[in-house]
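Open your viewer and get a selection tool ready. We will move from one selection to the next, with a note on what to look for at each stop.

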Amino acid sequence: MIEALFESNNYQASKKLMDMTVLRQEAIAGNLANANTPGYKRVDIDSDFAASLKDALNGKSNEQIDNLTVNLAVDSLAPKTDASGNTVDIEKEMVLLSENQIQHQLESRMISGKMSRLRLAIKGGQ
Amino acid sequence: MMRLVPGADTTASALNAERIKLEAISQNIANANVTDAPGGGPYQRKEVVFESIINEAISSGSGNGVNPSSVKAKITTDSNNDGPQIYDPEHPHADDAGYVQMPNVNIHEEMVNMILASRSYEANLAAMKYGRRMATQTLSIGR
């Protein structure tokens, strides 16, 4: 019974996405740190991740979701922002930073929500 | 070591690098009129260049992705450009023709660099703030 709460695809995906937001925070911090480093190329979550998560969710396979790996990759599409070839755009990174924080908040609430539902069931609403 | 606040090491390295840059800039401004620096000749402006250092592997899973980079500041002396020469025969450091070699510091350029460096410092502080908020959020799961 209890397993059903914690083995839903959405719960597994929330955990994975939370890993993703933490790694993305690292990436954005690195990009901001290197905003003035000549020739630095910005990094972000590997663009394959979104597609493979979608696949795994379509397949409704917890195992497939669990086996997903989150990696960082150099963002080759980002345009150069200065003469040295640096591709970090501070404004864009700041927007991504707050976006990422909101997403992390969403995932942690999803996970907390599952737990409070279990608590509700145990206490019977008292 | 447990990584509780994501990106903290990276941000710390960047804050340190920007501080070194600000120190070099204030040194340049302070010495903008020094015509007899230690070692002889006018003061030569300090220039700070940043280079990135790849962090140790942190990616979850197979770890075959790239890793985020910290930043390191390196101070170099700009000896390629000469400052202006000012005609002042009374000056103790004037040459035979009465010209004084001034340092190669351009105050306007230094002021612009100073603003850029302090804005970058603020951006990195914001990254730190968000990272800390994420850690707090994670710790409150299940409450």
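Helix axes on this tour are lines fitted to C-alpha atoms, over the stretch in contact, and angles run from 0 to 180 degrees between N-to-C directions. Helices (H or I, at least four residues) and strands (E, at least two) are DSSP runs, numbered from the N terminus. The model is a predicted one: local features need pLDDT of at least 70, side-chain atom pairs count only at pLDDT 80 or more, and totals for chains, interfaces and linings use all residues. Residues are numbered from 1 along each chain as its sequence is written, while chains are lettered from A and ligands numbered from 1 in the order in which they are written.

**Stop 1: a helix pair across the chains**

Select helix 5 (residues 90–123) of chain A and helix 2 of chain B, whose axes lie 10 Å apart at an angle of about 5 degrees. That makes the two helices, helix 5 of chain A and helix 2 of chain B, roughly parallel (angles under 35 degrees count as roughly parallel, over 145 as roughly antiparallel, 65 to 115 as roughly perpendicular and the rest as oblique). Now show side chains: on the chain A helix, the residues to pick include A:Ile90, A:Met94 and A:Leu97, and among those they meet as a group on the chain B helix are B:Ala123, B:Ala127 and B:Tyr130. Two residues are in contact if their C-beta atoms, placed from the backbone, lie within 7 Å. Colour this helix contact by class and you get 8 nonpolar, 7 polar and 1 charged residues. Here Ala, Val, Leu, Ile, Met, Phe, Trp, Tyr, Cys and Pro count as nonpolar, Asp, Glu, Lys and Arg as charged, and the others, Gly among them, as polar.

**Stop 2: the whole interface**

Widen the selection to the full contact, with 35 residues from chain A and 35 residues from chain B. On the chain A side, helix 2, strand 2 (72–74) and helix 5 each supply at least two residues. That side has 19 nonpolar, 13 polar and 3 charged residues.

**Stop 3: the core**

Which residues touch the most other members of the largest nonpolar core? Select A:Leu23, A:Ala27, A:Ile28, A:Leu32, A:Ile45 and B:Ala127, out of 27 residues in that core. A nonpolar core is a set of buried Ala, Val, Leu, Ile, Met, Phe, Trp, Tyr and Cys residues joined through C-beta atoms within 7 Å; a residue is buried if 20 or more other C-beta atoms lie within 10 Å of its own, exposed if 12 or fewer, and partly exposed in between, with C-beta atoms placed from the backbone. Two or more core residues come from each of helix 2 (9–33) and strand 1 (43–45) of chain A, and helix 1 (8–30), strand 2 (69–77) and helix 2 (107–139) of chain B. Helix 2 of chain A gives the most, with 9 residues. Centre on A:Ala27: leaving out residues up to four places away in sequence, it touches A:Val43, A:Asp44, A:Ile45, A:Leu72 and B:Pro68.

**Stop 4: chain B alone**

Hide chain A. Chain B has 2 helices and 4 strands, in the order α-β-β-β-β-α along the sequence. Its C-alpha trace spans about 80 × 30 × 20 Å along the principal axes. Buried residues make up 26% of its 143 residues. Finish on B:Ala30 in helix 1 of chain B, which is exposed, with 11 other C-beta atoms within 10 Å.
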